[in-house]
Amino acid sequence: MEIRELRLLEEFQEAYRLFDDIWRPDPRNAPVPVELMIAFAHAGGYVAGAYEGGRLVGASVGFLAADRTLHSHVTGALPGHGAGSALKLHQREWCLRRGLERITWTFDPLVRRNARFNLVKLGARPEEYLERFYGVMADEINENDESDRLLAVWRLDRPAGEAARVTYPSVLADVGGRPVVKTAGERAVLVATPADIETMRRLDPGAAREWRLATRETLGGLMAAGARVTGFTSHGEYVVERD
């Protein structure tokens, strides 16, 4: 796989079409327009594509932010190619060459596979719970769900993580596919995630909304009170520690 920065109008247009194929958004809700990709690239931001056999299978768009940071705004990849992981590693090397110290991005706390990738494989840590961050998102992945997000912070001197093996009590449990909020006074607690929120949004939007609100109440409430997310278990639970 070849990862390279995009420079030509035709390359930006190809990345736009890739994002459109992945998210299938309302035309008024494109993940990132061509003009913005051009502007970011010209201003020294990060706009790169992952190519396999000459075919674009992933792309990422980011901009420079405060405190020696690259904010990775959008990364999309076709499944089965490993392009998402390759792009993140390329981002890391790109940042280190420029003296940057961290990469930030947002992700849906309900999407278990993304949480596992971010926290376990990369070693990033969520540092802020952002309620309704993008408003209602009109695309096939988000299915008009409210856009609560976690701000992931990947400090580039931090080693990759590993799945946490802990037996802390749960403040949010998965019981038969539904969220159950519990009370736990211990310093360290677990917050569960649904097995497949994207399918749930299509087949049972009521259950998906229950998960959104329960996660906002538990994980969002804990983080607002100063608790830290310190890991992610092999069963799909955030490890949260109160100070």
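**Rings, charges and a buried glutamine**

Hi everyone, let me start with one contact: the side chains of Gln 91 and Ser 72 are joined by a polar contact of 2.9 Å. Please keep in mind that this is a predicted model.

So where does Gln 91 sit, and is this residue buried or exposed? Gln 91 belongs to helix H3, and its relative accessibility is 0%, so it counts as buried. If we set aside neighbours within four places in sequence, Gln 91 touches Tyr 46, Ser 60, Leu 70, Ser 72, Thr 75 and Ile 103.

Tyr 46 brings me to the aromatic rings. How many aromatic pairs does the structure hold? There are six, and I'll show you two of them. In one, Phe 19 and Trp 23 meet edge-to-face, with 5.8 Å from centre to centre and 65 degrees between the planes. Both residues lie in helix H1, which covers residues 9-23, and they are four residues apart, or about one turn of the helix. Phe 19 is buried at a relative accessible area of 1%. Trp 23 has 17% relative accessibility, which also puts it in the buried class, because the cut-off is under 20%.

The other pair is Tyr 46 with Trp 94. Why do we call this pair edge-to-face? The ring centres are 5.3 Å apart and the planes meet at 80 degrees, and an angle over 60 counts as edge-to-face. Here the pair links distant parts of the chain: Tyr 46 is in strand E2 (residues 46-52), Trp 94 is in helix H3 (residues 83-97), and 48 residues separate them. Tyr 46 is buried, at 0% relative accessibility, and Trp 94 is buried too, at 0%.

Now for charges over rings, if you'd like to rotate the view. Which ring lies under the charged end of Arg 4? That is the ring of Tyr 51, whose centre is 3.9 Å away. Lys 88 has a similar story: its charged end sits over the ring of Trp 105, 4.4 Å from the centre.

Last stop, some backbone angles. Asp 67 has a phi near 65 degrees, a positive value in a residue other than glycine. Where is Asp 67? You'll find Asp 67 in the loop between strand E3 (55-65) and strand E4 (69-77). With 59% relative accessibility, Asp 67 counts as exposed. Arg 68 lies in the loop between E3 and E4 as well, and its phi is also positive, near 55 degrees.

That's my tour, thanks for listening!

Technical notes
Residues are numbered from 1 along each chain as its sequence is written. This is a predicted model: local features need pLDDT of at least 70, side-chain atom pairs count only at pLDDT 80 or more; totals for chains, interfaces and linings use all residues. Side-chain values use heavy atoms; hydrogens and water are left out. Rings of Phe, Tyr and Trp (its six-membered ring) pair if their centres lie within 6.5 Å; planes under 30 degrees apart count as stacked, over 60 as edge-to-face and the rest as tilted. Helices (H or I, at least four residues) and strands (E, at least two) are DSSP runs, numbered from the N terminus. Buried means under 20% relative accessible area, exposed over 50%, partly exposed in between (1.4 Å probe, protein chains only). A charge sits over a ring if NZ of Lys or CZ of Arg is within 6 Å of the ring centre and within 35 degrees of the ring normal. A polar contact is a pair of N or O atoms within 3.5 Å; within protein, one must be able to donate a hydrogen and the other to accept it, and residues adjacent in sequence count only if both atoms are side-chain atoms. Contact means heavy atoms within 4.5 Å.
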